[in-house]
Every structure is written in structure tokens, then in C-alpha cells.
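Please open the structure in a viewer and keep the selection tool at hand. The tour proceeds from one selection to the next.

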Amino acid sequence: MASQIRFGTDGWRAIIAQDFTFANVSRCIQGLVDYLRDKGIADRGLVVGYDTRFLSREFAETVACVCAGNGVRAWLTREAAPTPVVSYSVLDRQAAGAAIITASHNPGIWNGFKFKPEYAGSATDEITGRLEDKIDRVAEPNAVSLVEGRDRGLIIDFDPKPPYLERIESLVDLPSIRAAGLDVIVDSMFGAGAGYIDEVVSGGNTKVTEMNGYRNPAFPGMDQPEPISHNLSGLMERVPAEGASVGIALDGDADRVGIVDEKGNFISTLEVFSLLAYYLLEYKGMRGPLVKGITSSIMLNKLAEKYGVEVHDMPVGFKHIGPKFSEVDGIMGGEESGGFAFRGHIPERDGILSGLYILEFMARTGKTPSRLIQDLFAMVGPHLYRRRDVAFDAGNRSDIQARIRSAELTEVGGLKVRDYDEIDGKRLFFDKAWLATRFSGTEPLLRIYCEAESPELVDKLLDAASEYLGV
């Protein structure tokens, strides 16, 4: 029996050779072609990209061969490319969408299939539901060889970088960054974003040093290519040791960012989101809504109140955030995972652009990252955040879910629950703190999130939540 292909928070992901096989990838793309035909846009062609994972190039070639076998043009990237770069190519070529072979930040034994529709953002639940139905109905995918596909002009190898960089140059003040004399260390985490920041920033007084800027599908020295503190010990050591101005980390497909300050401290993703929003509102004078996942910081709400803009809380995942971001013409959309979108670009996360905006902020103000955080806290007060990821027995999921949804939960860790919502999982509000619990949409993990005014209170609430949930 064929494996069931189901799309989570962002695409279909599975373990290589277990469920992520050439046969299943062929079924997946055949279903996508059938979906595009139903929409009447298959003749616009499909952009096909891939990351640096094991066999990603070969899986992408399989995608292109099935497209060609169905008479659908496939623009295949010549080499591994970041997800935001491939996504932008959809707009640049006015394609029907993009199929991207990537498992983003998952461990190296995983790979995945992301679909970016014609608007170049994450596919909504409605779209993936129809896509899953098409995939389930696939009997035998149609495919031709790479040679035949190229000979027929249906597989076209291309470089997605130039038009993407042209868009970036229209958004970011690159000359000011180049002239600022910053010393930047970029950890590309062996991923597809290697070389991008160096290419656009170098050529002036600013120097970029890259680490882990080559392909290694095992992602050595890290649990997974996710730019969070426990995976960035090398970057956190090198920045102060080498007297660097800042450290920037990109995840495996470069749609997420992690920032390390000049002292080697990891700046939490909630702080980065708030810093970027502060920069757009205060220094770039932009006005418009902020769209955030429910596990993002309440600092954003305080900034929105100060600058007179709206905030929209959405379920986790850009399949929810992106459409709302486009609908309300937001100036920024983002989530706790370190993925942020910006007005004037694609309705999708872009770790490269996020890192460049941090550099622009530093260049414009002449301030260090730690000083920028101080300025932010001076405006909205101190906020500390931590996320705890817990592996659980799948057989206990329903019991855990029942505890999460319990209406009888009126206090946690001795703190009274003032309010709650169930936009995604459950989020509890206390005086000067919040706690949220939800199941990951991409990995078999229970995620527990907390933001409070002190690290002690954060740990207290996380411990109490773990005990209550029995995990």
C-alpha cells in the first residue's frame, strides 16, 4: 500500500528512504500537476528548487521529469537555492507555483516537499487539502527522462539568484551596510543560504566571514539546521572571540534567521521579531498592521499600541500568517520560529532579508545588537522567553490534548490564569506573562512556550506546565 502523503504546517516531510522515496515524490508532483490543471494554470509552468540535503537534487530532478511527462514546463534551479529565492522566482516568472525539495530545519534524515502557489507564499489548508486528494488518486505518474525533458524544452535549467538580489537591493540600503565597517559572521548551517549575505554586503568596509558555508547533509555539530541557541554554540563562541559586530545564522533552506549579539549572547526569536518591527516603525517610518503567530511576543502588541497600528494573532505557520499578511497589507508578518516576511517582498519568510535588515538597523544607528535590545526594553519593558520541545509517546497524545483543553485549569505554578484563547493549541495569560502549548505540525513534538518578565518566572511556568501535562 502506498504511503499516505499529508501536508503539515509547511509542506510534506518524511524520513528519507522510509516514506520520502522517489516513488512517493513522483506521486506528490503528479498530484500537484493534476491540481494545477484543474485550476487551469498548469500552462504557466512550475519552478522547481531544492536544498542541500541528501538526494535533494535527485528528488528535484524527479519532480521536473514528472512535470515534463505531463507537458508542464519546469524551471529547475541549477544548484541548491534558499526557499525565499525559489519562492520569489514564482513572481518573477509568473509561474503557477513552486515545488521545493526541502525539510527546512528538520534533522538530516528528513526531507520534504513544499508547494508555493502562484502568490509565492505557503499553501493554505484549503489548497493542501485539495492537493492531498489529488495525490491520493494518483495511479501511475507520467514521467520522461531528464534528457528528453530538456530536448523538448520542458525542463529549463536556470539561476534564480539575479532577480532575487535585484529585489533585495530595492528594499535594503546595502551601500550604508557596506560602508558601516561591520564585522559579520554568518553561520549558514551547511544549508542553501551559503554565500548570499557575503555576496550582497561585501565590497566596502564591512567584512563577512562565513562558517559552515559548504554542503554537508549530515549537519555535523548540531541536532538539526535550526538557528536556535543550542545549535549555535560555535557562532556564539566565535563572535566575541573574534571581536565581531554580530552573528547571523540561517536555517537549512534560509527562510529563518537567528541572531547572536556582539557579546556572544543568542537573541531570542521573539526579540528579533520585535527588534525588526521596532526598526520598521520607528526608523523607516512604516505604518500598517503586524501579523504574528500566537507564540510571538506581546512586545509587538505594545509597539503596535505606541505607533497606532493593528496586530493580528494567527495560528502558527505561514499558511495562516501569509494570507492575512497579504489581506491587510501588513508591514511585517512573522512567527516564533524566526521566520519573518516584509512588505514589498513575498508573503513568506526570508531569513536572508531579515538578517540584512538587522545589519541595516546597526548601520543606520551605529549601535550594537545588545544596545538595540536595551532600547527596545526601555520602550516596552523586559521580556524573557523560552520554548521547551518535548518528545512524547504517540499513544498518549489524546490524553495530553485533553489536559491542554481542560477548562478547569485556573492556575499554573501558583499564578492565576487571567484569560486564555484556543487559536492554536491553548494560550494562557497571567499578569505579565503568557504560556502556550501546542503540538508541532512538522515533527512529533509537544511544544511549550513561555514569555515573562524574568527567567525565573519563565522556568517556573514551563516546569509547572510539564508537570501538569505529564511530559
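Which residues line the second largest cavity? In this predicted model, select Ile404, Leu409, Val412, Lys426, Leu428, Leu435, Ala436, Thr437, Ala465, Tyr468 and Leu469, which form that lining. Two or more lining residues come from each of β20 (426-430), β21 (433-439) and α16 (455-469). The space enclosed here amounts to about 110 Å³, and the lining comprises nine nonpolar, one polar and one charged residues.

Remain with Lys426 and add Tyr420 to the selection: the charged end of Lys426 sits over the Tyr420 ring, 4.6 Å from its centre.

Proceed to the largest cavity, with a volume of about 190 Å³. Among the 20 residues that line it, Arg256, Val316, Ser337, Arg438 and Arg447 are the closest to its centre. This lining consists of two nonpolar, eight polar and 10 charged residues.

The next stops concern aromatic rings, of which the structure holds 15 pairs. Select Phe7 and Phe113: their ring centres are 6.5 Å apart and their planes stand at 90°, so the pair is edge-to-face. Phe7 precedes β1 (12-15) and Phe113 belongs to strand β5 (residues 110-117), so the pair ties together parts 106 residues apart in sequence. Phe7 is buried at 11% relative accessibility, and Phe113 is buried at 0%.

Next, select Phe20 and Phe59, an edge-to-face pair with ring centres 4.8 Å apart and planes at 80°. Phe20 lies in the loop between β1 and α1 (22-39), whereas Phe59 is in helix α2 (residues 56-69). Finally, add Trp12 and Phe22, which form one aromatic cluster with Phe20 and Phe59.

Key:
Residues are numbered from 1 along each chain as its sequence is written. This is a predicted model: local features need pLDDT of at least 70, side-chain atom pairs count only at pLDDT 80 or more; totals for chains, interfaces and linings use all residues. Side-chain values use heavy atoms; hydrogens and water are left out. On a 1 Å grid over the protein atoms alone, a cavity is a set of points where a 1.4 Å probe fits but cannot get out, and a pocket is an open set with protein on both sides within 12 Å along at least five of seven lines; lining residues have an atom within 4 Å of a point. Grid points are joined across faces, edges and corners, and a volume is the space filled by probe spheres set on the points. Ala, Val, Leu, Ile, Met, Phe, Trp, Tyr, Cys and Pro count as nonpolar, Asp, Glu, Lys and Arg as charged, and the others, Gly among them, as polar. Helices (H or I, at least four residues) and strands (E, at least two) are DSSP runs, numbered from the N terminus. Rings of Phe, Tyr and Trp (its six-membered ring) pair if their centres lie within 6.5 Å; planes under 30 degrees apart count as stacked, over 60 as edge-to-face and the rest as tilted. Buried means under 20% relative accessible area, exposed over 50%, partly exposed in between (1.4 Å probe, protein chains only). A charge sits over a ring if NZ of Lys or CZ of Arg is within 6 Å of the ring centre and within 35 degrees of the ring normal.
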